Amino acid sequence: MQKKIIEIRWHGRGGQGAITAAKIVANAAFISGYSGVVMAPTFGTERRGAPVFTSLKISKQKIYDLSPIEKPDMIVVLDHLLLEEPGIVSGLKPGGLIIVNTPKPPTDYDYPGMKIATADVTSLAVQVGLKPGIVNTGIIGAFAKAAGLMDMETLSQAIKDEFKNRKPNRNAKAARLVFEKTVIGNGSEARP
Amino acid sequence: MHIIESGNVAAASGVKLARAQVIAAYPITPQTPLTEKLSEFVDAGEMQAEYIPVESEHSALAVCIAASSTGARAFTATSANGLLYMVEQVHWAAGARLPIVMCVVNRGIGAPWTVWNDHQDSISQRDAGWIQLYACDHQQIIDTVIQAFLLAETVSIPVMVCYDGYLLSHTYMPFDVPDPDKVDEFLPAFKPAYALDPKQPANLNTVTLPDIRPDVRGNLAPGYMEIRHNLHVDLRRAIDKVAEIDARFQKIFNRGGHPFIEPYCCEDADFIAVCLGSLSYQLRDVVDELREEGLKAGVAGLRLYRPFPEQAMVELLAKAKGVVVFEKALSYGNQGALFTDIKAALYPGPARPFVKNFILGLGGREIKTADLLKTFREACTQGPASIDTPQWIGLKL
């Protein structure tokens, strides 16, 4: 409503760690001065492998509205195949940003009026020594570069805090590498 | 220290800081992560408590009743059908005057099955003799859990701390975890007036006759009716204790100040929405919008539902033109329970605002802010209703 709330919807598959990724960003946002942070996972019955989403709202003021995001400013997609499912980008505001883990460049996507940021998070994460399929820390690098809301240093620390017993440095390194490799394009540059 | 965690973790952290000594609980969605967290705390040695796994909610509260009777600080938590399964013990705990604290993570009741949020579970227990407190966000969850132990032990009445399933239990937001030393200062160790001791066996709460009779020492003892009368009187007196404990909490932690009802823009309001739980915070955005439109609206979140703080309620509402009660529960065949309570409180007064009732969000039906805005605006501008029956929001017939 009147207060400015940045709404980010995270899409992944059950077990892929979209909630953890959103939680890391939530922590970094709070440290960066966003005192209003609300992260609401899909309510109810999650299953491994099934599409899930998580709503993250951040604001400089306390957030009172816990209802799900209808018109996100940004959409983060942990698995590019999800973009083939209906409704993934629904409600995205004009000029909105899609951040996706994909081996393909932005020019392969056609989202008129939107911005798209791509990175091959799956491969890059393996390069730094993470197990294949661990993408929820790497994707934060793409988020850092494309969203420009928080600096990589703060996000990196938030990753280390969350993964303090599970390869903190490699997970943070994955995010940094993805940050460097993320390509940002205009969503309507698709080849004919 | 601020952390970002779920509402269930906020509740578990409160129980840990309150140094509960016995925890018995049976998992049920959406309460499960709360009890899991507590079992992790106990397993890791972070809590000096006995975690007793049980086969049902009935046993969970029975264990807490036994533990509390021996003078231990006892905690349980449940939701929906789990609460209903323990109902016999719910009433027993109140009659036995045991200061147990229980979180009710609000969820709709089957049939048909639902795991999502409404308030029918805790509202169905409003007459059990427990104190009922409702939280609107994670800060209130952790703070209220800590306060609940002091309140329960001060008045020897069990306390339910109710918060919205999923909307709060599974949502992450920042909250301050109070300093443990300050919590110890606020909440001293439980010193019961009487504690069951194996060296001195006793019968507790045995059969009473309709009239009073001498006890084992030959003194006339209160009968059933006196014991129940005293429970009622002490519940009424607990209203002042709630305020005292809130003031004590505020002094130490610099939070609180609204022990009964948390108002927002109510001071000059012509129209006031009243409700329980996180919905009252969602309505704050609606109030902001209506104020921009020039409508003097406000919203009040009721924190203490039982005992009912009718004096505070009347003081808040008496000057308004209209009151709109939004409820996620219903006294089936009649109207929303809170609606009835508010009308009863206003009845003796000289000036009565009109009061309207809206039922919404049953079984987790999404409550859209736009729908709240439209409903609240129309309820205000259309004036008194010709009928007293509740209207429904978001119904898709």
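This dialogue reads a helix pair and a chain interface.

Biologist: What kind of model is this, and how are residues numbered?

Modeller: It is a predicted model: local features need pLDDT of at least 70, side-chain atom pairs count only at pLDDT 80 or more, and totals for chains, interfaces and linings use all residues. Residues are numbered from 1 along each chain as its sequence is written, chains are lettered from A in the order in which they are written, and side-chain values use heavy atoms, without hydrogens and water.

Biologist: At what angle do the axes of α4(A) and α5(A) cross?

Modeller: Helices are DSSP runs (H or I, at least four residues), numbered from the N terminus. Axes are lines fitted to C-alpha atoms over the stretch in contact, with angles from 0 to 180 degrees between N-to-C directions. Here α4 (residues 152–162) and α5 (residues 168–181) of chain A cross at roughly 150°, their axes coming within 8 Å. Angles over 145 degrees count as roughly antiparallel. The two helices are therefore roughly antiparallel to each other.

Biologist: Which residues of α4(A) make the contact?

Modeller: Contact means heavy atoms within 4.5 Å. On α4(A), the residues are A:Met152, A:Glu153, A:Ser156, A:Ile159 and A:Lys160. Their partners on α5(A) include A:Pro168, A:Ala172 and A:Phe179.

Biologist: How many residues does each chain give to the contact of chain B and chain A?

Modeller: Chain B gives 25 and chain A gives 22.

Biologist: How many salt bridges cross that interface?

Modeller: A salt bridge is a side-chain nitrogen of Lys or Arg within 4 Å of a carboxyl oxygen of Asp or Glu. The rule finds three between chain B and chain A. B:Lys368 and A:Glu70 form a salt bridge at 3.1 Å, N to O.

How values were computed: Angles under 35 degrees count as roughly parallel, over 145 as roughly antiparallel, 65 to 115 as roughly perpendicular and the rest as oblique.
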